[in-house]
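Trainee: I am new to this structure. Can we go through some local features, one at a time?

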Amino acid sequence: MRDWPFSNGVIPRKSWFVPDAIRVAGCDLRRFNWSWPEESPERAQRGQEVSSELGLPKALGLALATRGYDRSHASDLEDRSLRVCTEAIGDPDGIDEAARELLTRARKGRIGILCDYDVDGATAQAILVETLRAVLPSGAGDPAVAVPYRNKEGFGPNVRCLNRLSEAGVSVVAVLDCGTSSGKLLDRFHETSQVPTIVVDHHPPLDLAPPASGLVVNPWVSRAPDPGEQGTLCTAGLAWFLARAILREAGLSPAGTARLRKRLTLLAALGTVCDVMPINTPFNRSLVLAGTRILGEQGNTSPGLAALVDIAAIRGKPTADDFGWRIGPRINAGSRMGKSSLAARCLRETKHSTARELAKQLHELNRSRVTVGRKAAEELESSARQEELAAGPVNLHRVNCATPGTIGLVASSLVRRYGWPAITVAEREDGLLAGSGRTALGFDLGAAVSKACQEGILEGGGGHSAACGLTVRPNRLSDLHSFLNERFRDLHSREGRLPEPTHRIDAALAAPIFRATR
C-alpha cells in the first residue's frame, strides 16, 4: 500500500503515473477525472478490519470498506443452495394463475409465444417450450413462436407478430420479455381476436399502462413501487418460476423431472447474466452458480445450447464470463444482423444436426456483427468532433454504416470512451430511425425515453435505467437531443454543476521494484 500525495482529493488528469498513452477497456484515461476518497484514520482502520475479516490484501479491504461493505453483505453473498434462495425470494405474484391458464389451454389447443429478440427473450421462450413439451402428451405440437424484427420493428409486441399467432390458431399468447408497456395494443388484440395474453416481463411500466385484459406477471407491476429482490429477476428468471409452477400443476415431481429442471436452470442463468442483472443478490447469485456448474456437466444442455457451447470453444470449468462474452454475443448476433428469430429457433431445436447448423449461422453473424460495429464506431469518431463527444452531457448521434441491430454496440463504445450517456441511431427500412442507448452518471435512460414518448417526441421506446431502445422520426432528432440534455441538467440542477466522467480509485498498490542481476 502507498499513500498518494493529493491535497485536494482529486488526481490530476495528466499525472505522472497516468501516461497519455494508457487506455483501459477502451477508455482513454486522459478524458476522465480521477477521484480519490478522503483519507482518514477511520477509513484506514475500517479497511484493515475488512482485510482481516475476509483474509484479503490490504488494498482490497480498503476498497471494500470505501464502498460501504459490512458483515450483512457477507451473509448475502454466502454460497447458499438454489433451493434455499428460491424459498427465500418466493414465487412472483400471479405465477400459479399463469401456470394454470397456460396448462389448461395447452391441453385444449396450441399455445402462442411472442418473445423479445435478445438473450433474455430467447432463453425465456426456450424454458417455456421445453416445459410444455414435458407436460403435454407425446405428439402434441410445439407452441407457435413469433419474434419482432429488430431492424424493422424494434422492441415490443407488434400487430404483425400478434396477427401471425392468431392466424396459427393459438388459444393464448404468452408475451415474454416485453408487453408491460403495450397495454393498448394487447387489449385491442384481445378485443378483436378473443385470444387472451399472459405477459411475463421484468421491465418497469415507466408510466405506461400495462394490459387490462389477460394476466401480467411482473414484480414491477404487482409490487410497485418496491418489488424487492424479485425486481432483480430477468424474464428468464420469471419463466423459470413459471416452469416450476407448470410442472407442479401437472403433478410432475422434482425427482422425476430433475434433468429437465437442470436444463431450465442453465437457460435461466444464461438469461440472467446476458441481461446484465445484478448477481449480488442471493437468488441470482445461486442461480448463476448453479448454471455454470450445470454447463460443465455432460448431457444437461439442449441441442441448440450444446452446439453454441461447442462452436464458442468453451473448455475447462465454465464461468459466468462464458455466458456473457462467448455464448450471449452469438445469440444476440442473429437479431442484430437481421435474423431475429434465429436464436429462439436454435435454443428450442431438438435435432442435433439442425441445431449445429443454426449455431454455425449465429457464429458467422457474430463475426459480421463485430466487423460492422467496429466500422460504425470508427466512422462516428472520425466524423464527429472529438470535443463534442467529450463535452456531453448526453451524446446522441446518427451512424450511417450501422444497422439498427448494431447501434447499441456503438453506444456502449462511446460510454466507455467518453464517460457520458450515449444514444446512437440508424435508419430502418421504413425511413424511421431506430436508436439504442447506454447510460452513465446515474442518468435513467428508460424514464427519459418514456417521458419523450409521452411528449410526442418519439414514435416509440422503452427500456430500464441502464439502457433503452427507441424509434424517432429524422426531423425530431434534434428535439430529442435537446430534451435529453435538458433532462440531464435538471437531474443535477440541485448540485449546481454538471458531473464529469470520473474514474474512482479506492486503493492503490505499490508495485515491487526488481533490480536486474547478472
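Trainee: Is L441 buried, partly exposed or exposed?
Mentor: This is a predicted model, so the values are computed from it. Buried needs under 20% relative accessible area, and exposed needs over 50%. L441 has 27% relative accessibility, so L441 counts as partly exposed.

Trainee: What is the phi of L441, and where does L441 lie?
Mentor: Most residues other than glycine have a negative phi. L441 is not glycine, yet its phi is positive. Its place is the loop between β12 (433-438) and α19 (445-454). The phi of L441 is near 60°.

Trainee: D177 also has a positive phi. Is D177 buried or exposed?
Mentor: D177 lies in the loop between β7 (170-176) and α8 (183-193). Its phi is near 65°. Its relative accessible area is 0%, so D177 is buried.

Trainee: Which peptide bond is cis?
Mentor: Most peptide bonds are trans. Here omega is about 5° at a bond leading into P225. P225 lies in the loop between α9 (219-222) and α10. The cis bond joins A224 and P225.

Trainee: How far apart in sequence are the parts that F241 and F283 tie together?
Mentor: F241 and F283 form a tilted aromatic pair, 5.2 Å centre to centre with 35° between the planes. F241 lies in helix α10 (residues 235-249) and F283 in helix α12 (residues 282-295), so the pair ties together parts that are apart in sequence by 42 residues.

Trainee: Which ring does the charged end of R160 sit over?
Mentor: The charged end of R160 is 3.8 Å from the ring centre. K152 has its charged end over that ring too, 5.2 Å from the centre. The ring under R160 belongs to Y149.

Conventions. Residues are numbered from 1 along each chain as its sequence is written. This is a predicted model: local features need pLDDT of at least 70, side-chain atom pairs count only at pLDDT 80 or more; totals for chains, interfaces and linings use all residues. Side-chain values use heavy atoms; hydrogens and water are left out. Rings of Phe, Tyr and Trp (its six-membered ring) pair if their centres lie within 6.5 Å; planes under 30 degrees apart count as stacked, over 60 as edge-to-face and the rest as tilted. Helices (H or I, at least four residues) and strands (E, at least two) are DSSP runs, numbered from the N terminus. A charge sits over a ring if NZ of Lys or CZ of Arg is within 6 Å of the ring centre and within 35 degrees of the ring normal. Buried means under 20% relative accessible area, exposed over 50%, partly exposed in between (1.4 Å probe, protein chains only).
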